[in-house]
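Student: Please take a close look at one part of this structure and describe how it is set within the rest of the chain. I should like a single connected account, with the local backbone details included.

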Amino acid sequence: MSDLSNKHIVLGLSGGIACYKAAELCRALVKAGATVQVVMTEAAAQFITPVTMQALSNRAVYVSQWDAREPNNMAHINLSREADAILVAPASADFMAKLLHGRADDLLSLMCLARPVDRVPLILAPAMNREMWQHPATQRNMAQLTADGAHVLDVGQGEQACGETGDGRMLEPDEILEDLIAFFQPKVLAGQHVLVTAGPTYEAIDPVRGITNLSSGKMGFSIARAAREAGAVVTLVAGPVHLPTPRGVQRVDVRSALDMQAAVATHVNAASVFVATAAVADWRVADVAGQKIKKDGAGGSTSSGPQLNFVENPDILAGVAQSARAQSGALYCVGFAAESHDLLQYATAKRERKGVPLLVGNIGPATFGLDDNALLLVDAHGAKELPHASKLTLARQLVAEIARRLTPV
Ligand code: C5P
């Protein structure tokens, strides 16, 4: 199931050069399963044609409140009543000023005013020049629109169409899509602060070589995203992986197990939930060579290679689980176990050994690097399977399971 299936989104465009991004956004919404009804102001139609938006949304576009296609001539009522959300992207400075005053002299503003406030959320993706963005009038308008119940998205930062550089660009289409999907997720972790470890660690042998493992980090990154979608403040301590940071998540990049332990120690006191998904190396090289280790030149089978000595890495999760905050229940700890067989037996034993209330088992070789997984949740009451699904779907289910086990904040 796609993230926005069964959702009907009214995509409003007000006038601004960011209208060119609305075409891509419309496609992304449709691809995510939404039905999209486009409504444009006349100013928006100066930047991109209704024909383009009609072709991408596969629906007739509305521009005028006098549109005679509606039998009752009330496009503003009909369009807003069937929407799960009205998303205005781009929302120009002028359009937001107009909304603020409850003015309604074109179809889009009329429709925003006429929407049932408690049933149809209004989401605004501002887009404007940096001076317009910083102007006290704009900032005041945004604060008031938020107080009036609108959900105002962030703006991007960078080079602007006018040639200036600063805040005020509209978010990229994929960022708006991620924010919209998050908007619809239940806020079961509101008020919580979730700390997640993810990915492998890398243990150096010398300045150019090291030992790592096949963890992709995808499960941990999905959990960080799902926790954020559920309303938590999220810190993600990531080993070396090439994955984009989920929106709204604070990411701390680390390399070795000792780096990861230090980063966790820095952030764990602010956390109320700790989810350890990282595949932390069990051992590190005892004496890391300061210079690249050279071959001895003997060649072939007569060369024995360097002798490496190992020391065991600290168990980050077990250490955190023994802390006073975890023991008192102020910090809820969740561990992961990647096994190749006898999952229930090993996960149950690992839960007890690590001293955590919830241990999540998965079959490691079957999931490393993939987008899908299946989980087995083991707690003091028994085991529960989360059947095969995408890692993001499973992460959302796991977040709901964690939320159910937390004492109210
Ligand atoms: O003992 P094992 O590595 O199988 O345990 C897996 C769980 O413990 C995972 O949650 C993992 O993130 C965590 N762990 C850790 N520090 C280690 C080893 C594992 O936090 N050194």
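Tutor: Strands are DSSP runs of E of at least two residues, and helices are runs of H or I of at least four, each numbered from the N terminus. In these terms, Pro90 belongs to strand E3, which comprises residues 85-91. The model is a predicted one, and the peptide bond that joins Ala89 and Pro90 is cis in it, with omega of about 5°.

Strand E3 leads to the part chosen here, helix H6, since E3 is one of the elements against which the buried residues of H6 pack. Helix H6 spans residues 107-114 and is mostly covered, with seven of its eight residues buried. The buried set consists of Leu107, Leu108, Ser109, Leu110, Met111, Cys112 and Ala114. Besides E3, their packing partners are strand E1, strand E2 (35-40), helix H4, helix H5 (93-100) and strand E4 (122-126). At the N-terminal end of H6, Asp106 acts as a cap: one of its side-chain oxygens lies 3.2 Å from the backbone nitrogen of Leu108.

Two of these partners lead on to further local details. Strand E1 covers residues 8-13, and Ser5 is located in the segment before it. The side chain of Ser5 reaches the backbone oxygen of Ser2 at a distance of 2.9 Å. When neighbours within four places in sequence are set aside, Ser5 is in contact with Ala32 and Gly33. Helix H4 (75-81), for its part, is preceded by a loop that begins after helix H3 (50-57), and Asn58 is placed in that loop. Asn58 is not a glycine, yet its phi is positive, at about 65°. With a relative accessibility of 70%, Asn58 counts as exposed because the cut-off for that class is over 50%.

A comparable backbone feature occurs at Asp342, another non-glycine residue with a positive phi, here of about 45°. Asp342 is found in the loop between strand E16 (332-339) and helix H14 (343-354). Its relative accessible area is 42%, and Asp342 is therefore partly exposed.

The nonpolar interior completes the setting. In soluble globular proteins, nonpolar side chains tend to be buried together. The largest nonpolar core of this model has 35 residues, and the members that touch the most others are Leu189, Val194, Val275 and Ile402. Apart from that core lies another, of 34 residues, which includes Leu11, Leu25, Ala44 and Val61. To return to the largest core, residues up to four places away in sequence are not counted for Val275, which touches Val194, Leu195, Val196, Thr197, Ile223, Val334, Phe336 and Ile402.

Finally, the chain as a whole gives the scale. The protein chain contains 16 helices and 19 strands, and its C-alpha atoms fill a box of roughly 85 × 55 × 40 Å along the principal axes. Of its 409 residues, 50% count as buried. Among contacts with a separation of 6 or more, 67% are between residues 24 or more positions apart. The exposed area of the chain is about 19600 Å², of which carbon and sulfur atoms supply 52%. As for charge, there are 36 positive and 40 negative side chains, and the centres of these two sets lie 2 Å apart.

Methods: Residues are numbered from 1 along each chain as its sequence is written. This is a predicted model: local features need pLDDT of at least 70, side-chain atom pairs count only at pLDDT 80 or more; totals for chains, interfaces and linings use all residues. Side-chain values use heavy atoms; hydrogens and water are left out. Buried means under 20% relative accessible area, exposed over 50%, partly exposed in between (1.4 Å probe, protein chains only). Contact means heavy atoms within 4.5 Å. Accessible areas come from the Shrake-Rupley method with a 1.4 Å probe; for residues, only the protein chains shown count as cover. Lys and Arg count as positive and Asp and Glu as negative; His and the chain ends are not counted. The place of a charge is taken as NZ of Lys, CZ of Arg, CG of Asp or CD of Glu. A polar contact is a pair of N or O atoms within 3.5 Å; within protein, one must be able to donate a hydrogen and the other to accept it, and residues adjacent in sequence count only if both atoms are side-chain atoms. A nonpolar core is a set of buried Ala, Val, Leu, Ile, Met, Phe, Trp, Tyr and Cys residues joined through side-chain atoms within 4.5 Å.
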